Amino acid sequence: MLKPQLSDMALRIKNRDARRLWLDRQGLAQTPTGTLDLLRIITDLGFVQLDTIRNVTRAHHHILWSRNQNYREPMLNKLLANDRSVFEHFTHDASVLPMEFYPVWQRQFRRLGERAGKHKVMEDHDIAAIKARIADEGPLSTHAFDTKIEGKKEMWARPPHKRVLDQLWYAGDLATSHRENFIKYYNLAERVFPFAYRDIEHSDEHQMDWLCKAALDRLGFGSLGDIQRFWAALDAREVRSWAEKAGDYLVPVELETVNGEWINMVASPDIETLLTKANAPTSRLRILSPFDPAVRDRTRLARLFGFDYRIEIFVPAAQRRWGYYVYPLLERDRFVGRIELKADRKAGIVKVIQLWPEPKVKWTAKRAEKLDAELMRLGRLIGAHSVDWHCARPIG
């Protein structure tokens, strides 16, 4: 590792060191084997995004499996429904978070609850009736209610009861009790969130300070915008205000992009220690979820790795550059390609629809073997026993 060099004001972080640190902070540096501590993975990441699409496996399962391939799909719901060690709420999207974060998540309940409550869709007595049914009957899904959309049915329109359930969920009055076949079941918050956490109160200032510092710790380095977008629980003005008060905490750094440009960012006081201790990335070839937190920020991804990536599930087929559901391929600290996959779970098959090596990446026989091995490992996650190629299979 090249030791970061000091300029007149800021610590300079070479691109190779920045990539290694980012992958290490994201839990992708080490080989994803060994004893599985699922809650620790989620806590280290901060949150795991949930997604409904099950192309091979749903995004949250894939993200966790990428950190430890002993993970299996039922494990997350056990943490949620049985152990109550995680809860669901909204970061930049629907996510699962460690239950211990609940006391510092109150501002997000308040912010999103107030935002959702601006659009009243049912009368107070009807809302009270929904809560009363859950109080009497226990956890219920949206299928337990039957209100209808009135007027023109527009795209993304939802019946009033679904909107009310979401409003109460955003506000923290209801919580996700468990999921069955990914269907969410709502229960009263006090039946889901343990009293030990509900009894803790923090000031709004403390919550903002915790959220900003926790974001920066998981980023390793970033701009104020990066910090704000991490949880999406503060606005840009709030983060700027925090940074002004936390000036002594923030270490100015200059980050080298993949193109050799230098940009100003900030880091936490232990940045030099983090750089020194960051694990060298594994040589294993990794198939990442399109929603993996390591690739979610496309600007950061392009700056650090020169990898131009987007998910095209909402792009009309004729306008797609790549494909419907395309996975980034990571090897060491380099994105070497992308692959379109689909699974036939009943038949136990993972289908390779297309493979695109990155420009200037030589697809060697060794790299082809690594991809074959990773495809088989991904197949084991869903109980698939074979891989079928529906395109030319590169063999080096």
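This briefing covers the cores, one helix, one buried threonine and the enclosed and open spaces of the structure above. The model is predicted. Its largest nonpolar core has 58 residues, and a second, separate core has 43. Two cavities of 30 Å³ or more are counted, and the second largest pocket holds about 500 Å³ of space.

**Nonpolar cores**

- Within the 58-residue core, the residues with the most contacts inside it are F221, I227 and W231.
- Helix α10 (residues 204-219) contributes seven residues, the largest share of this core.
- Apart from neighbours within four places in sequence, W231 is in contact with G46, F47, T91, H92, L97, F101, W105, Q108, W210, L211, A214 and A215.
- L76, V96, V361 and I382 are among the 43 residues of the second, separate core.
- In soluble globular proteins, nonpolar side chains tend to be buried together.

**Helix α12**

- Helix α12 spans residues 236-245, and its residues E238, V239, W242 and A243 are buried.
- These buried residues line one face of the helix, because they fall within an arc of 135° when seen down the axis of α12.
- R237, E244 and K245 are exposed on the other side of α12.
- The packing partners of the buried residues of α12 are α5 (106-117), α10 and α11 (224-231).

**T43 in helix α2**

- T43 is placed in helix α2.
- The relative accessibility of T43 is 8%, which is under the 20% cut-off, so T43 counts as buried.
- With neighbours within four places in sequence left aside, the contacts of T43 are P98, E100, F101 and R218.

**Largest cavity**

- The largest cavity holds about 50 Å³ of space.
- Its lining is made up of F221, D226, L255, M265, D297, T299, R300, R303 and L304.
- By residue type, this lining of the largest cavity has four nonpolar, one polar and four charged residues.
- Helix α15 (residues 298-305) provides four residues, the largest share of the lining of the largest cavity.
- F221 appears both in this lining and among the residues with the most contacts inside the largest nonpolar core.

**Second largest cavity**

- The second largest cavity holds about 30 Å³ of space.
- Two elements, β3 (48-49) and α14 (293-296), give two or more residues to the lining of the second largest cavity.
- The residues that line the second largest cavity are F47, V48, Q49, I63, H92, F291, P293 and R296.
- Five of these lining residues are nonpolar, two are polar and one is charged.
- F47 and H92 belong to this lining, and both are also in contact with W231.

**Second largest pocket**

- The second largest pocket, with about 500 Å³ of space, is lined by 24 residues.
- D24, G27, Q30, I41 and D44 are the lining residues that lie nearest the centre of the second largest pocket.
- At least two lining residues come from each of α1 (15-25), α2 (38-45) and α10.
- Helix α2 gives the most to the lining of the second largest pocket, with five residues.
- The lining of the second largest pocket divides into seven nonpolar, nine polar and eight charged residues.
- Helix α10 thus recurs in three places: it supplies residues to the lining of the second largest pocket, gives the largest share of the largest nonpolar core, and packs against the buried residues of α12.

Note on methods
Residues are numbered from 1 along each chain as its sequence is written. This is a predicted model: local features need pLDDT of at least 70, side-chain atom pairs count only at pLDDT 80 or more; totals for chains, interfaces and linings use all residues. Side-chain values use heavy atoms; hydrogens and water are left out. On a 1 Å grid over the protein atoms alone, a cavity is a set of points where a 1.4 Å probe fits but cannot get out, and a pocket is an open set with protein on both sides within 12 Å along at least five of seven lines; lining residues have an atom within 4 Å of a point. Grid points are joined across faces, edges and corners, and a volume is the space filled by probe spheres set on the points. Ala, Val, Leu, Ile, Met, Phe, Trp, Tyr, Cys and Pro count as nonpolar, Asp, Glu, Lys and Arg as charged, and the others, Gly among them, as polar. A nonpolar core is a set of buried Ala, Val, Leu, Ile, Met, Phe, Trp, Tyr and Cys residues joined through side-chain atoms within 4.5 Å. Buried means under 20% relative accessible area, exposed over 50%, partly exposed in between (1.4 Å probe, protein chains only). Contact means heavy atoms within 4.5 Å. The arc is that of the directions from the helix axis to the C-beta atoms.
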